[in-house]
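Hi,

Here is the structure I promised to pass on. Have a look at it first, and my notes on what turned up are underneath.

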Amino acid sequence: MSDPEGLTPSEEMTKPILIVGGGPAGLAAAHAVASVGHRSVLVEKAALLGGAPIQSGYAKLVPSGQWAKDAIGGMVRRVEINGLVEKKLNTVVKTFNGQPGNFIAELSDGTHVETGAAILATGFTHFDSVNKPEWGFGTYQDVVTTTQVEQMISSGKGVRCLSDGRKPKRVAILLCVGSRDRQIGREWCSKICCTVSANLAMEIREELPDCHVYIYYMDIRTFGLMETDYYWRSQEEFKVKYIKARIAEVTSDGHKLIVKGEDTLVKRPITIPFDMVVHAIGMDPNVDNMTISAVFGVDLHKQGFIARKDTYGVMGATSRAGVLVAGAAIGPETIDDSIAQANAAALGALAVSNGVSQVAAE
Ligand SMILES: Cc1cc2nc3c(=O)[nH]c(=O)nc-3n(C[C@H](O)[C@H](O)[C@H](O)COP(=O)(O)OP(=O)(O)OC[C@H]3O[C@@H](n4cnc5c(N)ncnc54)[C@H](O)[C@@H]3O)c2cc1C
Ligand code: SF4
């Protein structure tokens, strides 16, 4: 329990918070915990911090328009220089035992960490387009994913056909690849890919003004304020064309990629040639979630993400008291919402660690 006089920190109060995952959510949680003078141990399985935006080389983020390497890179640097955050790269948590305020985690490097509470910020895994073979990925070199186009732009190389390096004259972006697709067991909407795709379409048009860009969609979900800045702006200012369609397959005639399907507005078959086809890939549950669930003793949502205990109580509480969750570990999430959840989880974790939580430690 915390010291009733508040004069000397109790043992629990000095124990670090364990934060698992060093993406936007984990970085935000570490910064929030440090900002009240508390220590944390940040465990990241990859060799570098930054999560998907850094590891996958995203270009300009929506809705800020800032380059990922600057925006998320800034979050990384802020944590890297903070002496209250102990960074553990290339590391995972092997075991996690104890009670709220008094846990012990064993890390894969053999270290044992005594911690008051844990925050799971372990994020998501990009949908692997080979699981949608009829749409050409893995068969044709010029069928690529949004992350590959992000990398072409962020590396400064520009948008080019991978087969021969030429500038594409016609690009199709197919939405909902690996999302809203019951046939392959992914019923959820990945929330951000409509906006990301409209943004990429505008970036392609900006770099290659002669290139025609088509977006094939079921519905457009550029939610909230992004409707104006991405959906309408991409059409009115950048002349991106939207086709409401059900895609059947992507093939090749030997020269061009052929997108076949049905225009669902006029109910007619459509067959259109392209130089490049882009899969707007969705957000899968982290492939590690079964292991994370077993190690931390937390329940998973029926679709494989980490389950929240409730929606309106302690933000980010899981089925295990003292273990909180934030960001895309919970489900498809934007960066700014991941950061907000991480700040809330940091508060919950500090309350548990200090022995003052009313709910998260129950
Ligand atoms: C193509 C694409 C483009 C996007 N563009 C935008 C955009 O412009 N704007 C926006 O708001 N959102 C965007 N998003 C969504 C964005 O990627 C997420 O909101 C964000 O990455 C979530 O942050 P996170 O920290 O929760 O998870 P992640 O970024 O997934 O980070 C999780 C971290 O945890 C680590 N980790 C995983 N498992 C373990 C483990 N077992 N042990 C230790 N560490 C582990 C990972 O290595 C990673 O570093 C995009 C998504 C996609 C698919
Ligand atoms: S955000 Fe758009 S592209 Fe992504 S799954 Fe939802 S509807 Fe499909």
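Before the ligand part, one cut-off: a residue is near a molecule if its C-beta atom, placed from the backbone, lies within 6 Å of it. Please also keep in mind that this is a predicted model.

With that cut-off, which residues come nearest to ligand 2? Cys 176, Ser 179, Cys 189, Cys 193 and Cys 194 do, out of 13 residues around the ligand. Two elements, β10 (170-177) and α6 (193-207), each give two or more residues to this shell. By class, the shell around ligand 2 holds 6 nonpolar, 3 polar and 4 charged residues.

Helix α6 turns up again when you look at helix α5. Is α5, residues 146-154, mostly covered or mostly open? It is mostly covered, with 7 of its 9 residues buried. The buried ones are Thr 146, Thr 147, Gln 148, Val 149, Glu 150, Met 152 and Ile 153. Their cover includes α6, along with β8 (124-126), β9 (143-145) and β15 (276-281). After α5 comes Gly 156, with a positive phi near 85°.

Next, a pair of strands. β1 (residues 17-20) and β2 run parallel to each other, paired over 4 bridges. One of the partnerships is Ile 19 with Leu 42 of β2. In a regular strand, side chains alternate between the two faces of the sheet. You can see this in β2 (residues 40-43): Ser 40 and Leu 42 point one way, Val 41 and Val 43 point the other way, and all of them are buried.

Now the overall layout. The domain assignment splits the chain into domain 1, made of 11-123 + 286-353, and domain 2, which covers 129-283. Between the two, the contact takes 15 residues from domain 1 and 20 residues from domain 2. The domain 1 side of that contact has 7 nonpolar, 5 polar and 3 charged residues. Taken over C-alpha atoms, the centres of domain 1 and domain 2 are 32 Å apart.

Finally, how far to trust the model. The chain has a mean pLDDT of 95, and 95% of its residues reach 70 or more. Residues 1-7 are below 50, and this stretch has 10 contacts in the model beyond near neighbours in sequence. Where pLDDT is low, the predicted coordinates should not be read in detail.

Cheers

Technical notes
Residues numbered from 1 in each chain as written. Chains lettered and ligands numbered in written order. Predicted model: local features only at pLDDT ≥ 70, side-chain atom pairs only at ≥ 80, totals over all residues. Nonpolar A, V, L, I, M, F, W, Y, C, P; charged D, E, K, R; others polar. Buried ≥ 20, exposed ≤ 12 C-beta atoms within 10 Å, placed from the backbone. Contact = placed C-beta atoms within 7 Å. Domains from an automatic or database assignment. pLDDT = per-residue confidence, 0-100. Pairing = 2+ DSSP bridges.
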